[in-house]
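Open the model in your viewer and keep the sequence panel beside it. The stops below say what to select and what is there.

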Amino acid sequence: PLLSSPLTIMNSSSSSLLCSASTSTDLELFIEFAIAIPSMILYALFFIVYFKSFQLRSSYYLLFFVHSCINMVYFLSRALLMRVPSFSLLCQWFLDHFGHFQYTFTPLYFLYHYTQQAQALSIIAININRVMAIYFYNSFTLLHYTTHLLLFSLLLLPLPLTWHLLISPVKFIPSPPMIAMDYARIVSYPGLSVSPSHSGHSSDRSGGRHFPSDSGTDEVPSEEEEDERAISHHRLSSSLLRSSPISYRPVSHPFPPSSILWLLLHSQSSMDHHRLRLSLSPLVSSPSLFRRSH
């Protein structure tokens, strides 16, 4: 039979999602926007002054300008993905129309994570620039090339961690009291990912659904591999019984055979040996227990 696409396989098993946003959630979102919007206005005023004034064309203000652009893009992408859809009037509509994997919000989701990584790097770049300005304030050439190296680094380094999001479908998921986004992992790299990954297929965090492997089918061990595995377990358990360190041997200790302490040590060693044999005897007698049921 013809194999369905990975998106069809995952979306077919998705159930109806319910939003849990309320008026208290709306109040929290309004407070967050009330705090963030004035910062965005100040950034916009800085852009105007930066482009009109030539006195601000230094390495520090160049880095701060890039940092401000990253902050604004991060705020807008986060607001459009995580905050605006979480309002009680819009929450259920987003879950109904975008609650399955698709590529509609993939570019915005990539920008959100890319700018999140670039934010931290831009702060580090500004700190390095200030240290360089203090210790090498007479070296204009060093400051010039160091600034461009820092700019190149803070814009390039987030890509190895976020490039895979450009080819990954995304969807909205409930994250009470708001909603969030999840993505389907297409590639196994990078290892740090929102969704767990296994060899041969990838799984979705919210529902545990899987992508088939590149060949179209999940890898299932053959009957021969199962037999070899059962035999190896049988040999391992037998060797454990033969070479178990928990076995009774006559040990010379300072207590006479008639004393209570000698009897306690003798009984404890015998009980440990008997308990080990009881725990391993099903494995030795029936190696087929190690085989998975089909």
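**Confidence**

Begin with residues 283-294, where pLDDT stays under 50 and the model has 19 contacts beyond four places in sequence. Next select residues 246-253: pLDDT again stays under 50 there, with ten contacts beyond four places in sequence. This is a predicted model. Across the chain the mean pLDDT is 74, and 59% of the residues reach 70 or more.

**Helix α2**

Select residues 23-52, which form helix α2. At 1.5 Å a residue, its 30 residues should span 44 Å, and the end C-alpha atoms are 44 Å apart, so the distance agrees with the expected span.

Now show the side chains of Thr 25, Asp 26, Leu 29, Phe 33, Ala 36, Met 40, Tyr 43, Phe 46, Phe 47 and Tyr 50; these are the buried residues of α2. An α-helix has 3.6 residues a turn, so residues three or four places apart point the same way. To see what the buried residues of α2 pack against, add α3 (59-83), α4 (88-98) and β2 (178-183).

**The nonpolar cores**

Which residues of the largest nonpolar core touch the most other members? Select Leu 63, Phe 65, Val 66 and Leu 154: among the 24 residues of that core, these four touch the most others. The elements that give two or more residues to this core are α2, α3, α5 and α6 (140-156). Its largest share, eight residues, comes from α2.

Center on Phe 65 and leave aside its neighbours within four places in sequence. Phe 65 is in contact with Phe 46, Phe 47, Tyr 50 and Phe 51. Apart from the largest core lies another, of 21 residues, including Ala 21, Met 82, Phe 98 and Ile 173.

**Ser 122**

Go to helix α5 (residues 106-135) and pick Ser 122 within it. Is Ser 122 buried or exposed? With a relative accessible area of 1%, Ser 122 is buried. Beyond four places in sequence, Ser 122 is in contact with His 67, Ile 70 and Leu 154. Leu 154 was also selected above, as a member of the largest nonpolar core.

**The cysteines**

Select Cys 19 and Cys 91, which a disulfide joins at an S to S distance of 1.8 Å. The count for the model comes to one disulfide. The torsion about the S-S bond of Cys 19 and Cys 91 is about 115°, so the disulfide is right-handed. The pair links distant parts of the chain, 72 residues apart: Cys 19 is in the loop between α1 (6-12) and α2, and Cys 91 is in helix α4.

How accessible are the two ends? Cys 19 has 23% relative accessibility and counts as partly exposed, whereas Cys 91 has 0% and counts as buried. Then select Cys 69, which is partly exposed at a relative accessible area of 28%.

**The β1–β2 hairpin**

Show residues 170-175, which are β1, together with β2 at 178-183. The two strands pair in the antiparallel sense over six bridges. A hairpin joins β1 to β2 through two residues. For one bridge, pick Phe 172, whose partner in β2 is Met 181.

Move to the turn and select Pro 176 and Pro 177: a cis peptide bond joins them, with omega about 5°. Pro 177 is in the loop between β1 and β2.

**Two loop residues**

Find Trp 163 in the loop between α7 (159-162) and β1. Trp 163 is partly exposed, with a relative accessible area of 33%. Leaving aside neighbours within four places in sequence, Trp 163 is in contact with Phe 110, Val 187 and Tyr 189. Draw a distance from Trp 163 to His 113: they are 50 residues apart along the chain, and their C-alpha atoms are separated by 9.7 Å.

End at Ile 186, in the loop between β2 and β3 (197-198). Ile 186 is partly exposed, with a relative accessible area of 37%. From Ile 186 to Ser 168 the C-alpha to C-alpha distance is 5.9 Å, with their positions 18 residues apart in sequence counted as separation.

Notes: Residues numbered from 1 in each chain as written. Predicted model: local features only at pLDDT ≥ 70, side-chain atom pairs only at ≥ 80, totals over all residues. Heavy atoms only, no water. Helix = DSSP H or I, 4+ residues; strand = E, 2+ residues; numbered from the N terminus. Expected span 1.5 Å × (residues − 1). Buried < 20%, exposed > 50% of the residue type's maximum accessible area, 1.4 Å probe, protein only. Contact = heavy atoms within 4.5 Å. Disulfide = S-S within 2.5 Å. pLDDT = per-residue confidence, 0-100. Pairing = 2+ DSSP bridges. Core = buried A, V, L, I, M, F, W, Y, C linked by side-chain atoms within 4.5 Å.
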